[in-house]
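Got a minute to walk through this one together? Have a look at the chains first, then we'll go through some questions.

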Amino acid sequence: MDIIWFLVPAALMLGLGFLGVFIWAAKSGQFEDLETPAVRMLFDEKTSEEKENVK
Amino acid sequence: MKLSNRSPVAVVICKHCNSLIPSERKGEFCCNGCESVYGILMNAGLSEYYQLKEDGVCFKAPKPIQHQALRFEYVTPVFKNKFYLEGVHCSACLWLLEKLPQMMPESVKTCSLNLNTSVLSFELLDLSHINQVAQRIFDWGYTPHLISDSDQVDLKIEKENRKRLLDLGIAGAITSNVMLMSIPLYSGVKGNFQTLFEVLSFVLAIPSLFYSGRVFFKNVYSGIKTKTFPIDGPILLALLVAFFFSTYSLVVGTHQLYFDSLTALIFLLLASRYYLARLRQSSQMNLGILDFFQSKFTGKIGDLEKLKIDEKIQFDGIVRKGEGWCDYSQFTGESDPVRLHAGDPVYAGTVFLDASQDVWVEVQKIGNQTRLAQLLQKVSEIQSKRTVTELVSDQWSQRLLILVTSIAVVSLAYFLYLGKVADGISRILALLIVTCPCALALATPLVFTLAMKSLLKKGLLIKDPSSLDRLPDVEDIYFDKTGTLTEGRLQAEVNLSQISTIDQSALYSLVRLSRHPASRAIERAFAEQKILTKVIPWKFFEEKMGVGLFANQGDDYSLSRALITKSGYTESSFSKNGIEICSVILRDQTRSESKRIIKELMDRGFEVHILSGDHEKPVQSLASELGINHYYFLKNPEEKAKIVQGSIMIGDGVNDSLALSESKVSIAVQGGMEAAIQSAQVYSLKPGISLILPFVDTARLVRKTLRQNFMMSTSYNLIGAILSLSGHMNPLIAAVLMPASALTVFWASMIRFKERS
């Protein structure tokens, strides 16, 4: 049972880590616009060859 | 490239904006604006835009581009800026606009568009390049508006949302950990481990209560400052009792801990409030009344601007040079145009009509400093004040709060007297939590916001939301006649084809020079009867106010002032060399929708009356036309005000202002916003009475919904109170049930309004 003395702080640290990630995400504004990124990822980036073809 | 293969005959929609091409235009574009944007995009190698637009789904209809020359003179002290863009409609726009850094590598470092709000955030490389960026965006067919510091209201909301979200996240993380700690405690762990978990949950509860929960302290503090009983009072009391009692138990070792209930309650409360706040913002922000009138003006204070004919003025200023006519009806309700001289003020929102010479105006106030913007600001301020404080705090929730708190204190004293401290604390915690009237107090403003939002969409500006609350108690509706039930616009009855061609052109040439309503009516008659005439260049023309129009070109022509005939209509006579050619009857047409709406109102059980200052004849004939049995004529404003007390008054914001302010519910359908906002509780942005029905229906729906919410939360609270006082409810369950009940009340209200729209 002594393992609990290690597990509990480890669990807390892990939780704290995720909380830190959440705080960072919220502060950098990732929860503000939930719609546009979903659309933005659908655009294909053109390779440089294709770009030249267009020209 | 796909598009150009189609034959030009088959293409009837604009290549750029997909709107129909007017028949008189040749080519593939609906307007020059769209054509030039198309050219610009093609030249820049951005033809993919059209491909994306074809593939994607547009969520707003694109609009043809109005390409008037705009110059941008923005000045910015910072690199990071935001534009509000007009004309953003779909994912192709997103693709195009985010090409900015690529297209202007020397000016723009990064940029990103929010499709939801149409706001483009971008970072400049050179502060002086902002106007080039604006110009480029404008060339692409969007109109940019710089969001300056002074109107960054949205930014404030954004910051607050971020704070709320952080509080919520932290509270959530703590709650889940405390819950985990509680499992061994509930399953009966003893010894060192028990102490470990107890101490840990105590440590975790501290930031939950004092950091995430600081909003409760704040609310209670501001409630005490304004001398009302704060809604969060019982909740804060419960939180503090739970915290200090648990801490005390921890110290003395009685193992009566409520840290799990405490943190869960904080988390669930914050979550439900965050959700509600977002809900209300989404209904409020998008309607942002000011957006309706958002100024397109890009000049600065002190500039001299030339007024364009028939265009809405975008700023407040003073005429420096020239003379002209201006339509002030937006403010005064007076449809007759006003003569502008040097030194006269002009206001944003008014329409410049006509000038024989150029009129130059010095710009004095722009954007949200203009009179119009301030006026609208006032409305939205009154709105928010009325809904939140008057409607909520004055109602029973105040009394309920005090009642619950005193029951809690009395029963706590009773249990202390009995010596069953632990049991008493548990029951009182459950009671305080479960009976919190938050659901009611927060759902009421939501109901009003939803109602006002749906009405504003239709075109009703609600100044006083409580009018919605009062309407279901009223049965009598009084309508003003002129401009309300009737068009308020004269209609000329004359058969123009009966008079000779020369006289036709003489009459037309006379009236086109005058701004008098009767002249306008006759001019319209020419258009309606499809009579084309030549314009005679008068040698002499004079408009004598109150007498008529006089002109000479070989013959003397006159159009004499309108006289009131016995039938109640006005009549004017058109003569040549003193001999009458024809007479023109001018009458006020009944609005086409009046009859239907009156009937619908009667079907809904309202008693409809006409209240007019006009003569008996016209009022009587209108009443019989519309099927109204009760009518009042020749009433002066004081008499009108007396009659409508305790009833609904629908009328003109200017002429009926006294009656409007005396009535129980008042709706101004005409007469300029400024006067209407002062006297009436509701202002219809559309002329005519067509919006009365949605108003009545929405008011009844609000009443129903409020009643439903009250029933729901009262029965819930009653059952909860009995269960917790009799010791059948654990504080933890109460902490879960309370926000859950609040959400069911919100949802129930939302569903009612969703069903409708």
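Q: Which residue in β4(B) does Tyr84(B) stand opposite?
A: This is a predicted model, where local features need pLDDT of at least 70, side-chain atom pairs count only at pLDDT 80 or more, and totals for chains, interfaces and linings use all residues. Residues are numbered from 1 along each chain as its sequence is written, chains are lettered from A and ligands numbered from 1 in the order written, and side-chain values use heavy atoms, without hydrogens and water. Strand β1 (residues 80-86) of chain B pairs with β4(B) in the antiparallel sense over four bridges (strands are DSSP E runs of at least two residues, helices H or I runs of at least four, numbered from the N terminus; two strands pair if DSSP finds at least two bridges between them). In β4(B), the residue opposite Tyr84(B) is His145(B).

Q: Which strands sit at the edges of the β2-β3-β1-β4 sheet of chain B?
A: The sheet is open, with four strands in antiparallel pairing. An edge strand pairs on one side only, and here that goes for β2 and β4 (143-146) of chain B.

Q: What angle does the direction of helix α5 of chain B make with that of β1(B)?
A: Helix α5 (residues 130-139) packs on the sheet and touches β1, β2, β3 (119-124) and β4 of chain B. Axes are lines fitted to C-alpha atoms, for helices over the stretch in contact, with angles from 0 to 180 degrees between N-to-C directions. On that basis the angle is about 25°.

Q: Which residue of chain B forms a salt bridge with Arg40(A)?
A: The count between chain B and chain A is one salt bridge (a side-chain nitrogen of Lys or Arg within 4 Å of a carboxyl oxygen of Asp or Glu). Its closest N and O atoms are 2.6 Å apart, and the partner of Arg40(A) is Glu98(B).

Q: Which element gives the most to the side of chain B that touches chain A?
A: Contact here means heavy atoms within 4.5 Å, and 27 residues of chain B meet 21 of chain A that way. Elements supplying at least two residues each include α2 (48-55), β2 (108-114) and α7 (192-212) of chain B. With nine residues, the top contributor is α6(B).

Q: Which residue in β10(B) does Gly317(B) stand opposite?
A: Strand β7 (residues 316-321) of chain B pairs with β10(B) in the antiparallel sense over two bridges. The residue opposite Gly317(B) is Val346(B).
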